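Okay, everyone, thanks for coming. Let me put the structure up on the screen, and then I'll walk you through it.

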Amino acid sequence: MVLWQYLACSRQGSKNFIPGHTSQSTEVSVKKRRCRSFRCECLAKLNLRYFSDGMSRGCEVYQFVEYHNHLMVANEHRHFMMANRSLDPIHQRFMEDCGRCNIGSTLTFKLLKEIMGGPENVGCDIIDIRNGYRDIMSNIDGSDAQMIFDYMRSQKESSDAFYYEIEIGSHGKLTKLFWADAISRRNYHISSISLTVLWEIKGMPIHD
């Protein structure tokens with residue numbers, strides 16, 4: 001049975017001493033890794049003691065130190081808090097524009113950092129951007145084939161040289177798609193002429 005519970009601040013003690021050791025000057029002899037320590041010997045804590053008087057039982061506060069000797073969140077870390085992170089319509093529009101240019105979430109966040117002047121001014125982090133991309137993809141799930149069809153039709157209306165063929169399967173899903181624009185038609189025509197000339201030089205028969 002647990003009789004005592006000690007809840008302390010995560011920044012109690014210091015990096016060079018063992019918290020709760022009988023000798024506060026005992027240095028740690030073995031360091032597993034080199035990392036920056038944010039411990040500042042904060043004394044804030046809550047001690048609970050179990051009690052049972054026959055009629056009732058539970059835990060009572062034995063000692064409580066409320067005040068911390070440090071800021072709860074440093075100024076340079078406040079933009080990581082959930083209350084300061086959100087994807088507003090400006091972020092959504094920027095993500096959609098980057099998606100149309102085939103720009104991923106990581107590069108999108110880097111662009112936002114450069115535009116806004118630093119990560120603390122973006123208003124979100126890379127995880128929010130990735131989740132935003134996931135939500136955008138889930139919203140267009142099931143309608144991507146219709147988006148392709150609408151795009152092909154708009155290209156056909158804007159250019160007579162554009163050609164496309166779409167094949168729909170038995171379940172109403174897109175199975176095959178072929179398209180050719182003016183540039184691809186011209187490239188195919190030039191390559192066909194070059195191949196014909198090459199065959200004639202080598203004396204090879206030409207088949208239609």
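So, Trp4, Tyr6 and Tyr62: these three form one aromatic cluster. Keep in mind that what you're looking at is a predicted model. How many aromatic pairs does the count come to? It comes to four. One of them is Phe162 with Tyr164: the ring centres are 6.3 Å apart and the planes sit at 40 degrees, so we call that pair tilted. And is Phe162 buried or exposed? Phe162 is buried, because its relative accessible area is 5% and the cut-off for buried is under 20%.

Okay, let's zoom out a bit. The chain has five helices and five strands. If you read along the sequence, the pattern goes β-β-β-α-α-α-α-β-β-α. There are 208 residues in the chain, and 14% of them count as buried. The chain exposes about 16,900 Å², with carbon and sulfur atoms supplying 55% of that. And if you take the contacts with a separation of 6 or more, 44% of them are between residues 24 or more positions apart.

Now for the sheet. It's an open one with three strands, in the order β1-β2-β3, and the pairing is antiparallel. Which strands stand at the edges? Those are β1, residues 4–8, and β3, residues 57–65; each has a single partner strand, so one side of each is left without a neighbour in the sheet. On average, neighbouring strands here are turned by 20 degrees against each other, if you ignore direction.

A quick reminder on what holds such a thing together: strands of a sheet pair through backbone hydrogen bonds, and they can do that parallel or antiparallel.

Let's go strand by strand. β1 and β2, where β2 covers residues 45–52, run antiparallel and are joined by five bridges. Trp4, which you've already met in the aromatic cluster, has Arg49 in β2 as its bridge partner. For Gln5, the bridge partner in β2 is Leu48. Now follow Leu48 across to β3, and you'll find it standing opposite Val61. Between β2 and β3 there are eight bridges, and those two strands run antiparallel as well.

What about the connections? β2 and β3 make a hairpin with four residues between the strands, and in that hairpin Gly54 takes a positive phi near 90 degrees. In the loop between β1 and β2 you'll find Glu41. Glu41 also has a positive phi, near 55 degrees, and it's a residue other than glycine. Its relative accessibility is 48%, so Glu41 counts as partly exposed.

Last stop: Asp125. Where is Asp125? Look in the loop between α2, which is 105–116, and α3, which is 126–139. Even though we're in a loop here, Asp125 is buried, with a relative accessible area of 13%. What does the side chain of Asp125 reach? That would be the backbone nitrogen of Asp128, at 3.0 Å. Leaving out residues up to four places away in sequence, Asp125 touches Arg85 and Phe109.

So if you want to click around later, try two places. One is the Trp4, Tyr6 and Tyr62 cluster; the other is Asp125, in its loop between α2 and α3. That's it from me, thanks!

Notes. Residues are numbered from 1 along each chain as its sequence is written. This is a predicted model: local features need pLDDT of at least 70, side-chain atom pairs count only at pLDDT 80 or more; totals for chains, interfaces and linings use all residues. Side-chain values use heavy atoms; hydrogens and water are left out. Buried means under 20% relative accessible area, exposed over 50%, partly exposed in between (1.4 Å probe, protein chains only). A polar contact is a pair of N or O atoms within 3.5 Å; within protein, one must be able to donate a hydrogen and the other to accept it, and residues adjacent in sequence count only if both atoms are side-chain atoms. Contact means heavy atoms within 4.5 Å. Rings of Phe, Tyr and Trp (its six-membered ring) pair if their centres lie within 6.5 Å; planes under 30 degrees apart count as stacked, over 60 as edge-to-face and the rest as tilted. Two strands pair if DSSP finds at least two bridges between them. Axes are lines fitted to C-alpha atoms, for helices over the stretch in contact, and angles run from 0 to 180 degrees between N-to-C directions. Accessible areas come from the Shrake-Rupley method with a 1.4 Å probe; for residues, only the protein chains shown count as cover.
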